[in-house]
Amino acid sequence: MTSVTEHSGGRARGTAAVVAEDLRLSYGTHAALDGLSLTVGAGEIVGLLGPNGAGKTTAVNVLSTLEPPDSGTASVAGHDVRRAPAAVRAVIALTGQYASVDEELTGRENLVLFARLLGLRKAAARARAAELLTAFDLLDAADRRAATYSGGMRRRLDLAAGLVRDPAVVFLDEPTTGLDPRSRLALWAAVRELRARGVAVLLTTQYLEEADRLADRIVVIDRGRVIATGTPQQLKEQVGGTFCEVTPADPADTPRVLTVLADLGADAHDDAVALPAPDGPATLTTVVRRMEDAGIAMTDIALRRPSLDEVFLALTGHPAAARADDDLSAEEPPAAVSADADTDTGVDVREAAG
Ligand SMILES: Nc1ncnc2c1ncn2[C@@H]1O[C@H](COP(=O)(O)OP(=O)(O)O)[C@@H](O)[C@H]1O
Ligand SMILES: [Mg+2]
């Protein structure tokens, strides 16, 4: 190992860096992977999305050579995971939910140590550590013991340690689980930076908004098999088009709203009533007119696209196991990372009716 950046030049964006075909792996009679196939291109972020127990970690373990599959094939940067595990390990970084940094060392010492273990000379190791500390916004904390770092800083240091070698493929297993919103955003920025440098990123997550915001392509798995794949946009379109959501001013009016809009396929939806809006604004105008004719006051009416939550529910038949807002701290409003934040089409009742 002479230079830590020697891989970069050879990366051709768009070529498949990870190719998995029909992977199967059972624990006893339980199929953790039940014919899983996926690809990740260089310079692409693929989100492996699925509920708890879907097989995400097992998939990452197989692709990173920690566990051999029972059958099926997988290659990483052209190296077969079963025939050439050492070659695979030489070109990947794997970071998980549990940081592998040494708490007693400073951030800088941790990175220098990793670099030295990879055979870099002292000066090169120090230079590489400084580069990564800067890239991950850890320079101010560089000379503090890692034990004093926040969860988010530790996760970034962990990721930085995996990048000492400039990998071609990075596996991130639930990298932001349990992080506060600010740390999550910082980690997302770091992952996007990897993509910009042509690294292939496979990221597992239970957070729909994480997949929605970060991934170029999403592979939804359940019970060890792929149940849908596409860009976040494609998945939303696949599950259902635009719909119209009406919120009556008085919740007691909900049954009347349902009756008045029954022929349009209206359905109760939390505090609101939702119906398909294949004609977009025209449907919305129809709804406004009917509400006026029936004398029902509304607090809100809007055209919306399905959220990834709804996509997930439609695909798997059950809601996502976890949502990022479960662990949002109070420092930022939920809207900052909400899956619904960018699903509004921005049409509101004043524009439509006026
Ligand atoms: N070492 C193991 N022994 C037995 N069962 C396991 C083992 N690891 C995972 N499993 C099972 O395989 C399935 C997939 O697990 P996992 O890949 O960890 O899912 P995910 O990461 O999506 O939550 C689960 O049903 C889990 O209980
Ligand atoms: Mg897991």
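**Exercise 1. Which element gives the largest share of the shell around ligand 1?**

This is a predicted model; local features need pLDDT of at least 70, side-chain atom pairs count only at pLDDT 80 or more, and totals for chains, interfaces and linings use all residues. Residues are numbered from 1 along each chain as its sequence is written, and chains are lettered from A and ligands numbered from 1 in the order in which they are written.

Step 1. List the shell: Y27, H30, A32, G50, N52, G53, A54, G55, K56, T57 and T58 surround ligand 1. A residue is near if its C-beta atom, placed from the backbone, lies within 6 Å.

Step 2. Find the elements giving two or more residues: β2 (30-41) and α1 (56-63). Helices (H or I, at least four residues) and strands (E, at least two) are DSSP runs, numbered from the N terminus.

Step 3. Pick the largest share: α1, with three residues.

**Exercise 2. Find the contacts of L111.**

Step 1. Place L111: with L63, V76, V169 and V201, L111 touches the most other members of the largest nonpolar core, which has 77 residues. Such a core joins buried Ala, Val, Leu, Ile, Met, Phe, Trp, Tyr and Cys through C-beta atoms within 7 Å; buried means 20 or more other C-beta atoms within 10 Å.

Step 2. Set aside neighbours within four places in sequence: A129, L132, L133, A160, A161 and V164 remain in contact with L111 (C-beta atoms, placed from the backbone, within 7 Å).

**Exercise 3. Decide where to read with caution.**

Step 1. Take the mean pLDDT (confidence in each residue, from 0 to 100): 83 for the protein.

Step 2. Mark residues 1-10, where pLDDT stays under 50. Mark residues 322-354, also below 50.

Step 3. Where pLDDT is low, the predicted coordinates should not be read in detail.

Methods. Buried ≥ 20, exposed ≤ 12 C-beta atoms within 10 Å, placed from the backbone. Contact = placed C-beta atoms within 7 Å. pLDDT = per-residue confidence, 0-100.
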